[in-house]
Amino acid sequence: MAVSLPYNLPKNRLFGLIPLLVFVIIGCQSEKMSENNQSAIFPYGNVPPDKPNMPLSEAMNRVYEGSYTSKEVETNELFSNFKYTPLEGLDYHDGDGTISRRDVSKVIFANGKYYVWYTRRETSTPPSAKYGNDTIPSRDWDLAEIWYATSEDGFTWEEQGVAVSRMEKPYAGWRSVSTPDILVWKGKYYLYYQAYLYMPGGPGTQGDDCPVSVSWSDSPDGPWTPSNKIVVENGPSGTWDQYVIHDPYPLIYQGKIHLYYKGEMGGDPRVRAQGLAIAEDPLGSFEKHPLNPVINSGHETALFPFKEGVAALVSRHGLEHNTIQYSPDGVNFQVAAISSLFPIAPGAYVPDAFEDTGNGRGITWGLCHFRNIGLAEGKSHSILARFECDLSLDVHDPEMKQSDIFNHPDINFQFGLSEQQRRRIDANQPVATIQQE
Ligand code: AAL
């Protein structure tokens, strides 16, 4: 509002103008305030592509300044829900707990078919943490071997036999070999795995300490030559990965072998995080990244090249469980999406896992496991399944981008209150004392 004052008026007449001036000043201010109010209200419609020129809440600021790859979940290339299909072709002795398959590797395509490697336990009894001995497995992955299966369509799988057997004593892996993952490097195949030595009662009962070893072959069908070498060492005493190096997961990135792994930082319940070790030779030496841990959460973490960086499915544990993360450099990960019903121990089909193109295309399916099946009846074992997702730059599947998933109420009721919780509520105790199991 433009105002011009009558400068040539006598002083006494100026006093008479004061009410007018007050009116004009208030008018100016309220006009200014109403301009601000209008621009301070966030607009209706799709989230504006450009950051609005107005004060934003922290939440709305994150949409623009945060680590999401898109401003809406439906167009976020690193958001997906997950869909599951049972596999055809694998036998489980009617689920009596004497045969178990779990912890698949990445899926690769070779010789016109898909290949996957996994932990396979076939024992005369199901696992028993209490009675584990030379023939009774203490855990589902005790007294196990690494087997493989092939498939033409990824739904029906034919088990081909053992790839890596338990090692001769005293080599690491004589007690059990488990949790493999595959690397293809300069025309040769390398299987990395957890190689268990002796542990009173067997693996898993007093921590789960197992060095990472590797076997190699000229063909995905073997035969596999064990290196009988520990390629990723536990950290020195007092450091975060001093006891546990699990789930070795190799990718080729920036010309080098990037092997991600899970370590356990201690705590009760244990804090899991992911580390990175880099090598130029598949048999080592692997150098741990100085910024380890590079992911602060997760359990069996699947990673894949994405755009110029690396993406990760981070599930099960930690502050950032059930997130999909992205790092532009393979090291500095940030949350790119939050999802639910994550595959457990996913081994994705990662077509460009070893291509090092600098333009990773993402993933659309893989295998995973369901564990503790039959536990209540003393028949504990794991089974493999297939998952689908759309974390690919080349696929656009709107059904995979729905975030509002409706489960049957039975699924929620399965996660009902424990007896202890119910007693607490009935007794109207104001503060919960929940013991970790
Ligand atoms: C898994 C993996 C490792 C653990 C155990 C077997 O799912 O994290 O392999 O040692 O559980």
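How far is an oxygen atom of the ligand from an N or O atom in the side chain of aspartate 103? In this predicted model, where local features need pLDDT of at least 70, side-chain atom pairs count only at pLDDT 80 or more, and totals for chains, interfaces and linings use all residues, the distance is 2.9 Å. Residues are numbered from 1 along each chain as its sequence is written, and side-chain values use heavy atoms, with hydrogens and water left out.

Two further side chains approach the ligand in a comparable list of pairs: an N or O atom in the side chain of lysine 262 is 2.7 Å from a ligand oxygen, and a polar side-chain atom of glutamate 300 lies 2.4 Å from an oxygen atom of the ligand. Taken on its own, the ligand has 280 Å² of accessible area (Shrake-Rupley method, 1.4 Å probe), and the protein covers 96% of that area.

The shell around the ligand, meaning residues with a heavy atom within 4 Å of it, includes Arg102, Trp141, Thr179, Gln194, Tyr196 and His246. Its residues divide into 6 charged (Asp, Glu, Lys and Arg), 2 nonpolar (Ala, Val, Leu, Ile, Met, Phe, Trp, Tyr, Cys and Pro) and 4 polar (the others, Gly among them). At least two shell residues come from each of β8 (188-196) and β11 (246-253), strands being DSSP runs of E with at least two residues, numbered from the N terminus.

Turning to the cysteines, the count of disulfides (pairs of cysteine sulfur atoms within 2.5 Å) is 0. Cysteine 368 counts as buried (under 20% relative accessible area, 1.4 Å probe, protein chains only) because its relative accessibility is 1%, and cysteine 389, at 4%, is buried as well.

Notes. Polar contact = N/O pair within 3.5 Å; in protein donor to acceptor, adjacent residues only side chain to side chain. Helix = DSSP H or I, 4+ residues; strand = E, 2+ residues; numbered from the N terminus. Buried < 20%, exposed > 50% of the residue type's maximum accessible area, 1.4 Å probe, protein only.
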